[in-house]
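Please open the model in a viewer and keep the sequence panel visible. The tour below proceeds by selection, and each stop states what is to be found there.

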Amino acid sequence: MPLGIERMENSTVVHLSPLLKQATPVVVERAEGNWILGTDGVRYLDFTSGIGVTSTGHCHPRVVEAARAQVGSVIHAQTTTVMHRPLLELTEKLGGYLPEGLDAVFYANSGAEAVEASLRLARMATGRPNVIAFQGGFHGRTAGASSITTAGTRFRNTTVPLMGGVVIAPFPYAYRLGMTEADAVRHALRELDYLFSTTTSPSEVAAMIIEPVLGDGGYLPVPKEFLQGIETRAREHGILLIADEIQSGVGRTGKFWAVEHSGIDPDILIMAKGIASGFPISAIAASDELMSKGLPGSQGGTYGGNAVAAAAAIATLDVIDDEQLVENAAVRGEQLNAGLKRLQRKFPSIGDVRGIGLMQAIEFTDESGEADAGTAMRVQQAALGERLLLLPCGPLGNVIRVVPALTVSEEEADLGLAALERTLAGVLGA
Ligand SMILES: Cc1ncc(COP(=O)(O)O)c(C=O)c1O
């Protein structure tokens with residue numbers, strides 16, 4: 001202990017907040033690729049990828065090396081004070097991935113922070129107050145982001161007023177509505193138009209924000225006709241279109257961005273999670289023209305665009321290209337989807353199987369067609385016994401998502417499906 005510094009005696013036993021709910025009791029000792037070794041000595045197949053974060057798998061050697069090298073030269077070069085090379089390089093590199101015209105990028109740390117930045121920019125750029133988000137969407141837990149989040153009431157701070165100016169529009173959740181996809185899309189677009197007559201004039205709407213594949217809200221790929229319908233209305237009324245690609249981006253759906261499946265052109269694209277394989281970095285991309293409409297100096301932050309995270313992001317993009325991980329996500333996604341559909345035929349409690357690329361899900365319903373969260377929870381927990389890590393999602397808790405790293409092999413996908421089949425047989429009987 002240095003001279004003159006005395007440590008205070010403190011006998012308080014400190015523990016993690018009880019509000020932090022963990023889906024499994026696993027404590028990670030080491031992680032590699034699609035595998036996690038727990039301190040219990042058990043090796044788990046990780047079909048959660050840290051909620052779609054470890055895109056190149058856990059501790060990909062090239063990502064580890066890039067981060068290690070960066071730690072030895074610059075860790076923190078605060079970007080409103082000085083600039084650092086990894087961020088300049090990452091920004092230049094993103095030009096090869098971003099949709100045409102999105103040529104300006106602002107970096108933050110978390111998804112929610114980037115969502116906040118997108119809302120602030122949209123309001124500043126349009127001078128309009130309102131934001132439309134879609135039922136079941138998840139955009140984060142900060143005040144603004146939770147105000148547009150309806151993936152579950154627990155994500156919203158319900159004891160204080162949420163951010164004003166938010167209008168929630170219906171989502172075309174065909175399975176839940178008991179409609180065909182085409183009817184659900186027609187219904188949701190009609191209701192959106194109705195909102196423009198009843199709740200907010202379109203001329204007061206700064207932006208519409210949507211995840212091209214609903215993530216925490218239940219792994220629901222948004223039908224392309226719905227995205228195109230939203231885009232048409234956005235263009236007609238001068239409303240900005242924000243694509244929250246925090247979970248669906250960076251190759252996860254079998255295209256680099258999920259919006260590519262529908263051909264829509266977002267004005268602002270939000271990325272995070274998979275972009276740096278686990279290092280915290282997020283960003284919004286927009287045209288320089290749009291970005292310039294904000295107040296100079298209104299973007300910033302102490303840690304945003306961290307040098308180590310930026311170096312890891314550059315390595316992540318290189319690995320994704322060199323190992324053709326976007327293509328792998330598409331092929332392995334089809335394999336998983338076919339395997340899950342086979343399980344659905346065997347286990348009628350699986351009411352719906354859906355997904356795109358490596359965002360696959362099964363939804364449990366009971367005999368009367370109602371959401372069956374109990375079964376979903378039992379399956380997710382029992383999978384641990386089969387050494388398979390799974391995560392639930394959906395506002396009603398009855399969906400299990402299958403979201404391995406983009407590196408998942410054919411053999412690992414089969415191993416996971418077999419473990420899930422044994423789990424389902426144990427829980428449901430077969
Ligand atoms: C689509 C989407 N938006 C926003 C967020 C919030 O990101 P973060 O948890 O990094 O704040 C998430 C996180 O799961 C997400 O999936």
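Select Val 53 first. In this predicted model, Val 53 is buried because its relative accessible area is 17%, under the 20% limit. Val 53 belongs to the loop that runs between α1 and α2, the latter spanning residues 61–71. Add Met 271 to the selection: 218 residues separate Val 53 and Met 271 along the chain, while their C-alpha atoms are 11 Å apart.

**Two positive phi angles**

Move next to Ile 51, which is part of helix α1, residues 49–52. The phi angle of Ile 51 is near 60°, a positive value in a residue other than glycine. Is Ile 51 buried or partly exposed? With a relative accessible area of 28%, Ile 51 is partly exposed, because this value falls between the limits of 20% and 50%.

Then select Val 250, in the loop that links β10 (240–244) and β11 (268–271). Val 250 also has a positive phi, near 60°, and is likewise not a glycine. Its relative accessible area is 2%, so Val 250 is buried.

**The ligand site**

Select the ligand and display the residues around it. Which residues are these? They are Ser 110, Gly 111, Ala 112, Phe 138, His 139, Gly 140, Glu 211, Asp 216, Asp 244, Ile 246, Gln 247 and Lys 273. Coloured by class, this shell divides into three nonpolar, five polar and four charged residues. The ligand takes up the space of the largest pocket.

Three distances are worth displaying here.

- Asp 244: an N or O atom of its side chain lies 2.7 Å from a nitrogen atom of the ligand.
- Gln 247: an N or O atom of its side chain lies 2.8 Å from an oxygen atom of the ligand.
- Phe 138: a backbone N or O atom lies 3.3 Å from a nitrogen atom of the ligand.

How much of the ligand does the protein bury? Taken alone, the ligand exposes 390 Å², and the protein buries 83% of that area.

**Two threonines**

Leave the ligand and select Thr 365, in the loop between β14 (359–364) and α12 (373–385). Thr 365 counts as buried because its relative accessibility is 9%, below the limit of 20%. Show the side chain of Tyr 175 as well: the side chains of Thr 365 and Tyr 175 make a polar contact at 2.9 Å.

The other threonine is Thr 316, located in helix α10, which covers residues 307–322. Thr 316 has a relative accessible area of 0% and is therefore buried. What does the side chain of Thr 316 reach? Its partner is the backbone oxygen of Ala 312, at a distance of 2.7 Å.

**Final stop**

Select Ala 419 in helix α13, residues 410–428. The relative accessibility of Ala 419 is 3%, so this residue counts as buried. Restore Thr 365 to the selection and draw a line between the two C-alpha atoms: Ala 419 and Thr 365 are 21 Å apart in space and 54 residues apart in sequence.

Conventions. Residues numbered from 1 in each chain as written. Predicted model: local features only at pLDDT ≥ 70, side-chain atom pairs only at ≥ 80, totals over all residues. Heavy atoms only, no water. Helix = DSSP H or I, 4+ residues; strand = E, 2+ residues; numbered from the N terminus. Buried < 20%, exposed > 50% of the residue type's maximum accessible area, 1.4 Å probe, protein only. Near = heavy atom within 4 Å. Polar contact = N/O pair within 3.5 Å; in protein donor to acceptor, adjacent residues only side chain to side chain. Areas by Shrake-Rupley, 256 points an atom, 1.4 Å probe, with all protein chains shown as cover. 1 Å grid on protein atoms, 1.4 Å probe; cavity = no way out; pocket = protein on both sides within 12 Å on 5 of 7 lines; lining within 4 Å. Sits in = over half its atoms within 2 Å of the grid points. Nonpolar A, V, L, I, M, F, W, Y, C, P; charged D, E, K, R; others polar.
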